[in-house]
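Reader: I've got a model open and would like to talk through how it packs. Can you walk me through some of it?

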Amino acid sequence: MSIMELIDVTPEIRRLFLEQAADKRGIVKQQRTLFFSRFDYQNAELKDTEIFRQMNIEEYQFPTQRKYLREICKQLGFHKSGRGASSKGESPWEKAFNWLWNEEFNEWLKLQQNPNIQIPILNDVNWLQVCHTKLENQQQEIRRKASAMGFELDFPPVPLGLVERKQQQRRDEDVDRRDVYQLEKEVIAKIYEHNDFLEQVINQNPTGKNKHIAIVGEPGAGKTTLLSAVASYIKQENKELPIFISLGSLEKMTLEQYLLEKWLPHAMRLVNQDFKPTSEIEEQLKSRFYKSDVWLLLDGVDEMGEFSPGEALRKISQALTDWLGQARVVLTCRLNVWDASLTNNELPGFDTYKTQQFKPEDVDKFIEEWFKCDEDKIQRGDELKAKLREPGKERVYELVTNPLRLSLLCQIFYQSKHSDLPETKAELFGLYTRHLYYWKRELVPQNLTYTLKQELHQALGRLALAGINSDARFRLNESLAVQEMGQDLFNLACDVGWLNLVDRDASSEEAVYAFFHPNFQEYFAALAIDDWRYFLNHIPNNPEKGIYRIFESKWKEVILLWLGMLNIPEILKREFVSELLNFQDSCGGFYSLKTEFLAVECIQEYRDYSEIDFEIIIAKIIKYAFGYFDNRQLHWCFFLRPLVQEARRIIQDKISVQKIKNHLLKLLENCSDSRVRWDIANTLDRIGVGNKIIKTILAAKVTSKLKPYQSEAVNKLVHIIKSSNTINYPSQTNLELEINKNLELFDFSALGFRELIDQLQNSEDWFVVVSVTEQLKNTRKISQLMAIVKLFKPDIVDLQEYLSYELENKHFRYQYIYDIVWHCAQNMTYPDFYRAWHGEPSPLQNLENQFIDTHSLLSQLEPTQKTACISIINTANIQLSDNEHELVKLLCTRIWREGLNLPAKNIPKISDVADLERELLEMTEDVLQKQFLALVFNEIEPKETLINICRKLANAGEIHIALITKQPLEAPLKGFPPNQPTLLSAIQTWISEID
């Protein structure tokens with residue numbers, strides 16, 4: 001069959017042939033896309049450059065694409081011999097193209113027509129069957145009943161609200177100070193009922209920059225149930241592959257390791273018990289990811305066991321690269337974990353959807369549907385609705401706008417209409433606990449006395465505490481459970497249903513158990529704590545010997561439940577709240593503010609707290625949120641941004657509407673500042689309070705004086721643009737607009753830590769200061785966090801909780817300095833922060849020794865005639881990992897970002913050291929146009945894994961690697977001590993000797 005005769009062959013057959021040809025030769029990733037375009041018979045007459053443009057490839061990437069094309073031709077058996085241009089029809093591509101369609105395709109067609117010959121193709125594994133079977137197996141555990149009948153499992157999940165955040169804009173230096181400190185507004189742009197969410201979000205291709213979805217909500221909001229429903233919907237559509245992973249199961253594994261080493265073998269064995277893992281099967285699965293027809297459904301970011309919320313999100317972000325990054329992702333996360341990193345850009349590419357609380361009509365409908373499932377109990381449902389509407393029950397009503405808690409209340413009233421309505425979450429869980437033994441009578445032994453129940457609950461409490469105190473948290477190995485409970489009580493807990501078998505340990509195959517809902521593990525943990533000093537034992541002058549669980553997010557729910565316990569003496573609760581309100585940290589007040597905000601949430605669960613005292617606290621929180629009018633200076637004063645953000649979150653999410661609305665309405669009435677009035681009205685609207693005045697205020701447009709602004713911070717960029725021979729600007733105005741455009745597109749993540757600090761300290765450009773602040777919020781390395789605290793302590797000491805009028809206008813950067821130190825407080829233990837603040841001796845180097853000298857020197861290194869030089873300044877992430885697969889990807893990212901200053905989308909996708917070596921050699925030849933490459937890594941303490949990777953790369957001969965480190969290195973690596981007086985000349989000499 002000739003090329004022209006291919007016109008009679010359907011496009012589907014041609015595409016199938018190309019896919020199988022690519023699969024047969026292992027052509028994947030970017031090369032696969034190029035193969036389909038360049039070897040499409042319709043493109044036979046097009047030039048390479050025309051093909052690249054059709055693929056939306058930018059011109060500077062053409063050399064890389066030509067390299068890929070040469071590799072493809074080699075895989076097909078055709079490569080160039082000798083130098084110089086090939087004559088017409090003799091180039092490797094022309095030979096490969098003609099052979100592919102005139103010979104290979106004809107043979108392939110013959111095989112297709114022979115029913116006795118089976119062509120081994122990639123889709124031999126029925127991946128739909130594998131993923132669906134695995135999902136059905138998992139959903140048996142996912143759908144653990146929260147009640148006897150499990151009626152709630154048949155109700156639609158809660159609605160979801162799409163969260164949008166106003167983006168930063170460039171601002172004039174003369175902008176009103178209120179605009180400079182204006183918060184990024186978080187708004188619910190649209191509410192989706194469950195079916196609408198499935199049809200309009202899940203079933204549609206993403207049109208914006210974010211293809212992934214984050215579902216966030218409070219404990220018991222139905223996040224796992226909703227994610228399971230999404231998985232079922234994808235399964236029903238029967239087009240794409242749903243892969244459901246409980247993130248708590250990862251333990252110490254990366255997401256990629258878990259998927260290939262644990263999920264895949266288990267999923268395949270459900271279909272074929274004789275399955276044995278092979279690299280071929282793994283590649284088949286990866287190919288499905290590359291085709292972008294896989295959904296990764298990741299449940300429970302908060303269950304990953306990381307120290308800080310940011311660290312958990314950072315690990316997810318790092319995992320979603322290469323083939324895993326081709327999937328669409330839906331993840332779930334507790335609200336307090338997500339909010340803690342909301343402004344830190346930890347997880348780009350995600351649209352955020354918040355679970356919405358039940359509205360009054362939703363609560364009534366839920367109760368009606370529940371009791372309708374048993375016709376004999378319909379009247380009891382009506383009685384429950386009536387009780388919830390009684391005066392003084394507003395707090396209880398708010399309590400059960402959460403699906404789990406409403407389910408528990410329905411179950412309690414299903415058994416006994418004479419039950420009292422609980423006032424706190426702890427009381428609700430306590431009532432449920434007592435009733436559980438009634439509706440599981442067939443599982444409860446005859447000798448289950450009151451005393452035995454108490455022993456069981458105490459043992460569950462010990463186990464719950466042991467789990468939360470460990471990295472595993474909600475995943476409890478059987479050996480740990482038996483150790484804490486004893487064998488008999490452990491067996492009883494399993495029989496009754498408090499504990500469920502959920503998994504087996506990845507390495508030991510030991511059984512892993514979990515409480516039937518994480519909230520109940522936290523409830524039993526609270527039940528086992530009899531003194532508030534378990535959470536806080538403040539030793540002001542020696543915090544290393546103190547206890548500060550109050551600052552760990554994983555203990556927050558336990559603390560709230562503990563305060564709602566009826567068996568805890570009132571005097572202990574009052575002491576604890578008082579300790580929170582009066583906590584003095586002696587280091588800038590950052591942790592004192594954290595305890596103050598925590599106290600507000602605690603009082604919500606402490607129902608007997610003094611109303612008068614609480615009113616005073618609410619007034620203070622409102623002052624933090626919206627500022628106050630200074631009668632002496634006659635203008636409105638605003639607090640620092642982190643305080644404002646946290647105070648507004650508390651008002652909107654944590655304080656009862658009944659308690660807060662009158663305060664806000666009074667402030668709205670007395671406030672004369674239009675912008676503050678709009679913020680107050682918006683907050684009232686978000687908590688469900690509305691009237692004509694509020695609607696009128698919200699309808700009015702609030703604008704700010706925003707415009708492009710050029711400053712000294714972009715002089716270098718101006719010079720580059722003016723000196724460019726490829727850009728012609730007819731006017732100064734157009735030049736300024738281009739400068740502004742380029743600055744806003746500038747990749748600030750390419751700057752090193754020291755560069756970011758320099759810009760925060762010295763730049764006069766508002767946009768630059770904001771951008772570097774956001775980048776610094778990605779800092780996680782403890783030495784860098786401590787260095788920031790030490791460096792900026794003098795600035796913070798000059799500040800109080802708010803900026804004076806003069807300070808606001810003269811030193812706008814103080815707002816952002818405070819912001820970044822607040823970030824440090826969220827990601828450091830209190831003892832670490834205290835030590836940094838007071839400058840106590842530490843094994844860590846200080847900021848100046850660690851970053852300034854080497855950073856400025858490395859930027860001065862020059863390439864030679866044959867050797868290109870790339871300095872890797874930002875080595876923080878590289879030092880955090882011991883996993884070779886992860887490290888190789890991190891190295892690739894830093895080299896391409898810092899060496900070539902390319903955007904993330906242009907970083908090569910690699911899998912191992914061999915891939916990285918190939919990419920480095922080709923980049924050196926095609927892009928840098930040099931024979932050798934010298935890589936210099938800024939101060940780093942190299943671990944064994946990193947050293948092994950560098951040795952493999954350096955053994956290639958063309959790649960040479962040096963590390964600035966105190967640790968001695970063996971050839972072929974080169975080490976330079978960081979404090980060497982002639983460091984610059986020594987490295988430059990080493991580079992010159994490579995030639």
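Author: Handedness first: a crossing is left-handed if the near helix is turned anticlockwise from the far one by less than a right angle, and right-handed if clockwise. This is a predicted model, so local features need pLDDT of at least 70 and side-chain atom pairs count only at pLDDT 80 or more, while totals for chains, interfaces and linings use all residues. Residues are numbered from 1 along each chain as its sequence is written, and side-chain values use heavy atoms, with hydrogens and water left out.

Reader: Which hand does the crossing of H42 and H43 have?

Author: H42 covers residues 913–927 and H43 covers residues 944–954; helices are DSSP runs of H or I, at least four residues, numbered from the N terminus. Their axes, lines fitted to C-alpha atoms over the stretch in contact, come within 10 Å and cross at roughly 45°. The crossing is right-handed.

Reader: Which residues of H43 does H42 meet?

Author: Contact means heavy atoms within 4.5 Å. From H42, Val913, Leu916, Glu917 and Leu920 take part, and on the H43 side they meet Ile949, Lys952 and Leu953.

Reader: Is Glu369 buried or exposed, and what is its relative accessible area?

Author: Glu369 lies in helix H14, residues 360–372. Buried means under 20% relative accessible area, exposed over 50%, and partly exposed in between, with a 1.4 Å probe and protein chains only. Glu369 is therefore partly exposed, at 27%.

Reader: And what share of the protein's residues count as buried?

Author: The protein has 44 helices and 18 strands. Of its 995 residues, the share that counts as buried is 54%.

Definitions and conventions. Axes are lines fitted to C-alpha atoms, for helices over the stretch in contact, and angles run from 0 to 180 degrees between N-to-C directions. Helices (H or I, at least four residues) and strands (E, at least two) are DSSP runs, numbered from the N terminus.
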